[in-house]
Amino acid sequence: MPVQIKSSQDIEHLRVAGRLAGELLDYITPFVQPGITTNELDRLCHDYMVNVQHTIPAPLNYAPGGHTPYPKSICTSVNQQICHGVPGDKVLKRGDIINIDVTVIKDGWHGDSSRMFCVGETSPHARRLCEITYEAMWHGIVKVRPGATLGDIGHAIQTFTEANGYSVVREFCGHGIGRRFHEEPQVLHYGRPGQGLTLQSGMVFTIEPMINAGRREIRQLADGWTIVTRDRSLSAQWEHMLVVTESGYEVLTVSEGTPLPPDFARS
Ligand code: MF3
Ligand code: CO
Ligand code: CO
């Protein structure tokens with residue numbers, strides 16, 4: 001299927017779903033403390049989605065080609081886990097970093113966002129990885145406008161990341177989103193300026209760079225889902241969902257607790 005152009009009604013649905021994803025991350029934030037398990041975070045989010053938001057957790061039983069159905073309602077990726085970490089008995093301890101990635105479905109439309117959290121007091125190098133990854137996402141976001149290309153986004157993320165001594169994971173990317181969880185286009189977090197699809201207003205996609213402190217190579221765990229760094233270095237990820245507007249972009253996954261954009265991205 002080609003890349004869809006969303007109507008203003010579609011975009012309003014995605015704005016609602018996106019805000020709900022942000023609000024779910026706001027809700028879980030105070031629980032991310034030493035001593036909680038990733039299963040408990042999953043359960044809290046699941047119950048909030050189903051009972052408070054009346055949303056459907058998109059990850060639960062999600063089974064794209066070749067995968068066993070995903071068994072939980074959120075992804076929790078800790079330390080050297082890059083993405084798709086499956087919640088379990090793991091107890092969070094002081095100094096861990098964790099990505100919580102949530103995708104809600106509201107009225108048939110998806111809202112997809114993730115943030116990094118530091119568990120208690122965290123080392124300066126782990127905090128720096130989380131901050132640089134946040135800025136890397138925003139270096140991509142600010143490129144978004146009609147006439148720009150996907151390569152412009154990927155290049156901005158890659159050059160900023162590598163200038164800071166980190167590496168960009170290549171095997172996973174951002175994606176179009178709408179009534180389906182993963183739509184075209186694929187939004188690579190590396191690339192060359194001017195290459196790839198030219199953006200048009202009404203396109204909706206995520207930008208969700210995965211950045212490793214060490215080398216970019218990955219390994220999949222035996223659970224069939226969890227992706228870790230091959231060299232066991234720390235990894236971080238942030239994700240927003242956005243729409244291309246006439247003049248640039250609108251971030252759809254905003255809520256009260258959404259961290260502010262970095263200085264360079266403030267208008
Ligand atoms: N939320 C992830 C993304 O940003 C996808 C998770 S798929 C799952 O695209 F099955 F692992 F949940
Ligand atoms: Co996504
Ligand atoms: Co996501």
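This dialogue walks through the ligand site and some backbone features of a predicted model.

Colleague: Where does ligand 1 sit, and which residues come nearest?

Modeller: A residue is near a molecule if one of its heavy atoms lies within 4 Å of it. Here, ligand 1 sits in the largest pocket, and of the 14 residues around the ligand, those that come nearest are Pro 59, His 175, His 182, Glu 208 and Glu 239. By character, the shell around ligand 1 divides into 6 nonpolar, 4 polar and 4 charged residues.

Colleague: Which side chains have an N or O atom at a short listed distance from an oxygen atom of ligand 1?

Modeller: A polar contact is a pair of N or O atoms within 3.5 Å. A polar side-chain atom of Glu 208 lies 2.8 Å from an oxygen atom of ligand 1, while for Glu 239 a side-chain N or O atom is 2.9 Å from an oxygen atom of the ligand. A nitrogen atom of ligand 1, in turn, is 3.1 Å from an N or O atom in the side chain of Asp 101. Taken alone, ligand 1 exposes 340 Å², of which the protein buries 96%.

Colleague: Which residues does the cis peptide bond join?

Modeller: The cis peptide bond joins Glu 184 and Pro 185, with omega at about 5 degrees, and Pro 185 lies in strand E8, residues 183-187.

Colleague: Is Asn 61, which has a positive phi, buried or exposed?

Modeller: Exposed means over 50% relative accessible area, so Asn 61, at 54%, counts as exposed. Asn 61 is not a glycine, yet its phi is about 70 degrees, and this residue is found in the loop between strand E1 (56-57) and strand E2 (75-78).

Terms used. Residues are numbered from 1 along each chain as its sequence is written. Chains are lettered from A and ligands numbered from 1 in the order in which they are written. This is a predicted model: local features need pLDDT of at least 70, side-chain atom pairs count only at pLDDT 80 or more; totals for chains, interfaces and linings use all residues. Side-chain values use heavy atoms; hydrogens and water are left out. A polar contact is a pair of N or O atoms within 3.5 Å; within protein, one must be able to donate a hydrogen and the other to accept it, and residues adjacent in sequence count only if both atoms are side-chain atoms. Accessible areas come from the Shrake-Rupley method with a 1.4 Å probe; for residues, only the protein chains shown count as cover. On a 1 Å grid over the protein atoms alone, a cavity is a set of points where a 1.4 Å probe fits but cannot get out, and a pocket is an open set with protein on both sides within 12 Å along at least five of seven lines; lining residues have an atom within 4 Å of a point. A molecule sits in a cavity or pocket if more than half of its atoms lie within 2 Å of its grid points. Ala, Val, Leu, Ile, Met, Phe, Trp, Tyr, Cys and Pro count as nonpolar, Asp, Glu, Lys and Arg as charged, and the others, Gly among them, as polar. Helices (H or I, at least four residues) and strands (E, at least two) are DSSP runs, numbered from the N terminus. Buried means under 20% relative accessible area, exposed over 50%, partly exposed in between (1.4 Å probe, protein chains only).
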